[in-house]
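Subject: Structure handover

Hello,

Here is the structure I promised to pass on. Please open it alongside this message.

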Amino acid sequence: MTTRLTQALRHLADEVPAAAVPEELFDTARTRHRRRRTVVAAVVAVLVLLAGTGYALRPVALPAPATPRVDEPGLPTRLVVPPLRTASVRESAPGAAALLFGGPAVRTDWFENRMGVLAADADRYRVLDAGTNVPGFEALLSPDGRYAWERGRLYDLTTGNTVPGAPIGQPLGFAPDGTRLVYAADDTFTPPNTYATPYVGVYDRSSRAEVLRVRVGSAWIPPGRTAALSPDGAELALQVRDEVWLTRVADAGADRSAEPYRRLPLAGGRLAGAGSWLPDGRSVAVLERSTCTDCPMPSYPRTWRLATRAVTDAVTQPAAAFPELRSRSYVQVLGWRSADEAVALVGVPGPEAVDRPEEHDIAWGPYHELGTEAVELVLLRRGAPAPEVLLRTPAGITELAVAADLAVDGDVRPSGRPDYGPPPFWLVALWLLGAAALAVPLFALLRHWRGRRTGTRPRRAVTRRGPGAPG
């Protein structure tokens, strides 16, 4: 570099104006860095706290309490609709149940397939996602309340888990001791509207094997009221169109199939349900259908009367008559307190219900009759003028299955404060997202507020001269 160029560069440097650097520049930068580090640490701490809270509140499978909250389990005096935050059976097992119920109040636009479960020993409400199955017809409760059964799945309500080996088919009923299950094979369809059931089977849970198969040809077996096992589980009563077929398990051949040993004509009536066998095992209950002129609902003139028939000769047994069930959409007998007292579920039709004629090959859906607005648990006593109502579902609960043992024994417990279990996962996730959404703008506001406070402090300029400038 030449001497002239060096002098020119120095002269140019001397003419450059001095840079004004704020006195607190480095202190402000250091403060900003510390503040950012503090904010990041706070956000991380909050996220860890939220994650820890979500982990603590996560749905877990909780066993039923070892000690019941009441002296004896029983049917509740009050039934409520479980809210959306109710835990599922898988997340928190309710224990043996008293009721399995459904209806428009239980289902919502977001949870269209759920049904409610109420424990027998306390007001523990849980929900079960069992598809579009109707409680009391396509979804059943075992007599002791331990198991809930819907197509292909058997739930143990004391653990919340499914029991392996459940039969694949439409549930029809439990044996009185709950060890055997009656099911219908999947339907076949013939256009335009005819359904057929290939066979009805009896499955034994203790041996995990099918012990009986009854072929029904081209008939259709609707669920909920068409099959009953005798008190010892050795005989099956099955309604096939306008007859009741009686078949013994002991008559099953090598292929497990057997032919009925007797067929009882129904003359337009129905088998009375899963509890149709009387305690002596020598008679079955049937429902005789007729019309009435002074029905409580003139637009629904259907009347049911319970009658018993001997399995030996199908003759109606002479005795005092059971009370009539007028303007009722269906009747399902759950069991017997004695030969003169039956406990049954009864459908109460609403104002829009239509009294249809009996059709044995048409799949009306839902099978509990269109227009049912409530269900009553009643006691039918011979010679009584009217049925005794033991329980009625509140508005919006139109489907019901009851633990038959509790209903037959007449065990009732006082209702207390409902327990809906731990919050479900989706609710915890929404809570975490909401908390995080609130935390971000809060920290941004705090940062802005601190920045404004820092910006109000006075600053003094420090003049730094270029190289060669006089001090």
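Below is what turned up, starting with the aromatic rings and ending with the strands.

One caution before the details: this is a predicted model.

Aromatic pairs

The search covered the whole structure and returned eight aromatic pairs. One of them is F101 with Y125, in an edge-to-face arrangement. Their ring centres are 6.4 Å apart, and the planes meet at 80°. F101 belongs to strand β3 (residues 97-102) and Y125 to strand β5 (residues 125-129). The two residues are 24 residues apart, and the pair links distant parts of the chain. Both F101 and Y125 are buried.

Y125 has another ring partner, Y420. This pair is tilted, with 6.0 Å centre to centre and 45° between the planes. Y420 sits in the loop between β29 (412-413) and α4 (425-455), while Y125 lies in β5, so the contact ties together parts that are 295 residues apart in sequence.

How buried are the two tyrosines? Y125 has a relative accessible area of 0%. Y420 comes out at 14%. The cut-off for buried is under 20%, so Y420 counts as buried as well. Taken together, ring pairs join F101, Y125 and Y420 into a cluster.

Charges over rings

Two arginines are worth a look. R213 lies over the face of Y199, 3.8 Å from the ring centre. R248 places its charged end over the ring of Y261, at 3.7 Å from the centre.

Strands around β4

Now to β4 (residues 114-119), which pairs with both of the strands named above. Is β4 mostly covered or mostly open? Mostly covered: six of its six residues are buried. That holds for both faces. On one side are R114, G116 and L118; on the other are M115, V117 and A119.

β3 and β4 run antiparallel and are joined by four bridges. Among the residue partners here, L99 is matched with L118 in β4.

β4 also pairs with β5, again in the antiparallel sense, over five bridges. R114 has D129 in β5 as its bridge partner. The link between these two strands is short to describe: β4 and β5 form a hairpin with five residues between them.

To find the ring cluster in the viewer, start from Y125 in β5. From Y125, go to F101 in β3, then to Y420 in the loop before α4.

Best wishes

Key: Residues numbered from 1 in each chain as written. Predicted model: local features only at pLDDT ≥ 70, side-chain atom pairs only at ≥ 80, totals over all residues. Heavy atoms only, no water. Phe/Tyr/Trp six-rings, centres within 6.5 Å; stacked < 30°, edge-to-face > 60°. Buried < 20%, exposed > 50% of the residue type's maximum accessible area, 1.4 Å probe, protein only. Lys NZ or Arg CZ within 6 Å of the ring centre and 35° of its normal. Pairing = 2+ DSSP bridges.
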